[in-house]
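This briefing introduces one protein structure to a reader who is new to the subject. Please keep the sequence and the structure in view while reading the points that follow the display.

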Amino acid sequence: MSATGESVRIALPLPLDEIDDAAELIPEALVPAQAHKGGSGRIDESRMWGYEIQPDDTLTGIFTKLGLPIQDLYQVLEADENVLALDNIKPGVELLVDIENDQLQTLELRFSPAHKVAYQRKQDAGFEFKETILPGTWKEIALVGEIGRSFSLDAAAEGLDARDVHLITRLLKEKINFRRDIRKGDSFEVLLSRQYIEDEPTGETKIEAVRMLANRSPVSIFYYDGSYYDEKGRSLSKAFLRYPFGGSYRVSSGFNPKRHHPVTGLFRPHNGTDFSMRTGTPILASGDGVVSRVVDHKYAGLYVEIKHSERYTTRYLHLSKSMVRKGQRVSRGQKIALSGASGRVTGPHLHYEFHIAGRPVDAVKAAIPITKQLEGKSRKEFDALLRQYMARLDAPREQEGADEMLISRRQDQSMDNPSTL
Ligand SMILES: [Zn+2]
């Protein structure tokens, strides 16, 4: 460890016993985390620090400020090739590091109280990652509002955050033109759940049902089994392609969430499917969505990630060229990239990942949405759920009088009363 840096945002951590008043010297953002719990090292040889990611932070910058060897960063990145969580660090994400004898022992990222990823030194050969996703408890809230100015302003006034408003607008955009079809006096009803971990909101929200009166015409959407449907069980999202390319290519390495490295024995799950193909093969978006990442990774190579909905994400690794940029809207079958052999590979191939609710699944076998209309057993389940949604949307209103829109009071009640959760 080298000298201190008082003026930098990521201050170099000092061992607590070298500081008279640690609280005064340590910038607010960089605070000692809980005491080291390991049995081997003495407390003065171990430093565990917490830091909140600031705009413009880079991993290299953080490692440099911590005085950690770049080799440690490479080893962490190598473990991260299988999860790619480090490419998702945004301002506000909490980072915890455990340094023992000038060596990184653990790096932990806390994306929310319900989601963290830890990279732990296993041996000189590298790190292993462990991802923790807590289910938490979900509290349901019913919101009702009347359009006075615009849907987004009135919805925000009723307690929906910008992300919820954006999601609802996007879901309903094929049914409602929010500029043209909304009239003063139209109304909306939203049933949503918010996630909590020990009473602390995680920021995760699920929109369960929306009913709107748009230009006096009713429009509704309902969440079922990961997707949204209208009241007749028709899917609002378009189906996916099973494979993100034309033609057929040999699977050179299948999905294997239990894989270990043959030499080091380190846990290295294969979260995707490798298709052997020559460099330059066109890669297609497997579904409609928005490009959420275009990243050049030391090990994963050039890769593209597409967010299709709150629930579905796909990744395309080892590309030679990307034809899309971050934030761009893409449609199913659109050419997004050319395959390649970038990153650490033994030969040119496409590594394709399909994630459902943040978890990788086998893209070749998983039940990915390909239906447009719910039928049979799933239609029966959907209809039963629909009746429940309707009852929960209607229930509070009946108690409070038919035409009253007493939203905030109802919101408070449902928050305090666990029986409505
Ligand atoms: Zn692969």
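Thr106 has its place in strand S4. The model shown here is predicted. The briefing begins with this residue and its strand, continues with the turns and the zinc site, and closes with a serine in another strand.

**Thr106 and its surroundings**

- With a relative accessible area of 12%, Thr106 is buried, because buried means under 20%.
- Across from Thr106, in strand S5, stands Gln120.
- Apart from neighbours within four places in sequence, Thr106 is in contact with Leu96, Val97, Asp98, Tyr119 and Gln120.

**Strand S4 and its partners**

- Strand S4 covers residues 103-112 and is mostly covered, with 7 of its 10 residues buried.
- Strand S3 (residues 94-100) is joined to S4 by 7 bridges, and the two strands run antiparallel.
- Within this pairing, Leu95 has Leu109 in S4 as its bridge partner.
- Strand S5 (residues 115-123) also runs antiparallel to S4, and 6 bridges join the two.
- S4 and S5 form a hairpin, with 2 residues between them.

**Residues with a positive phi**

- The hairpin of S3 and S4 has 2 residues between the strands, and in this hairpin Asn101 takes a positive phi near 50°.
- Asp102 lies in the loop between S3 and S4.
- Although Asp102 is not a glycine, its phi is positive, at about 60°.
- Asp102 is partly exposed, with a relative accessible area of 41%.
- Asp56 is found in another part of the chain, in the loop between strand S2 (46-52) and helix H2 (59-65).
- Asp56 is not a glycine either, yet Asp56 has a positive phi of about 75°.
- Asp56 has a relative accessible area of 73% and therefore counts as exposed, the cut-off for exposed being over 50%.

**The zinc site**

- Which residues supply the protein donors of the zinc ion? They are His270 through NE2, Asp274 through two OD entries, and His351 through ND1, lying 2.0 to 2.7 Å from the ion.
- Along the chain, the donors of the zinc ion follow the spacing H-x3-D-x76-H.
- The pair of Asp274 and His351 links distant parts of the chain: Asp274 belongs to strand S13 (residues 273-276) and His351 to strand S20 (residues 349-356), 77 residues apart.
- The 4 donor atoms of the zinc ion make angles of 52 to 151°, and the site is irregular.
- Why is the site not called tetrahedral? Four donors count as tetrahedral if all angles lie between 85 and 135 degrees, and the angles of 52 to 151° at the zinc ion do not all lie there, so the tetrahedral label does not apply.
- For comparison, the ideal angle for four tetrahedral donors at a metal is 109.5 degrees.
- Are Asp274 and His351 buried or exposed? Asp274 is buried, at a relative accessible area of 9%, and His351 likewise counts as buried, at 7% relative accessibility.

**Ser322 in strand S17**

- Ser322 lies in strand S17, which spans residues 312-322.
- The side chain of Ser322 reaches the backbone oxygen of Val324 at 2.9 Å.
- When neighbours within four places in sequence are left aside, Ser322 is in contact with Val294, Leu302, Val304, Ile336 and Ala337.

Notes:
Residues are numbered from 1 along each chain as its sequence is written. This is a predicted model: local features need pLDDT of at least 70, side-chain atom pairs count only at pLDDT 80 or more; totals for chains, interfaces and linings use all residues. Side-chain values use heavy atoms; hydrogens and water are left out. Donors are N, O and S atoms within 2.8 Å of the metal (3.2 Å for Na, K and Ca); water is not among the atoms, so sites may look incomplete. Four donors count as tetrahedral if all angles lie between 85 and 135 degrees; four count as square planar and six as octahedral if opposite donors are over 155 degrees apart and all others between 65 and 115; anything else is irregular. Helices (H or I, at least four residues) and strands (E, at least two) are DSSP runs, numbered from the N terminus. Buried means under 20% relative accessible area, exposed over 50%, partly exposed in between (1.4 Å probe, protein chains only). A polar contact is a pair of N or O atoms within 3.5 Å; within protein, one must be able to donate a hydrogen and the other to accept it, and residues adjacent in sequence count only if both atoms are side-chain atoms. Contact means heavy atoms within 4.5 Å. Two strands pair if DSSP finds at least two bridges between them.
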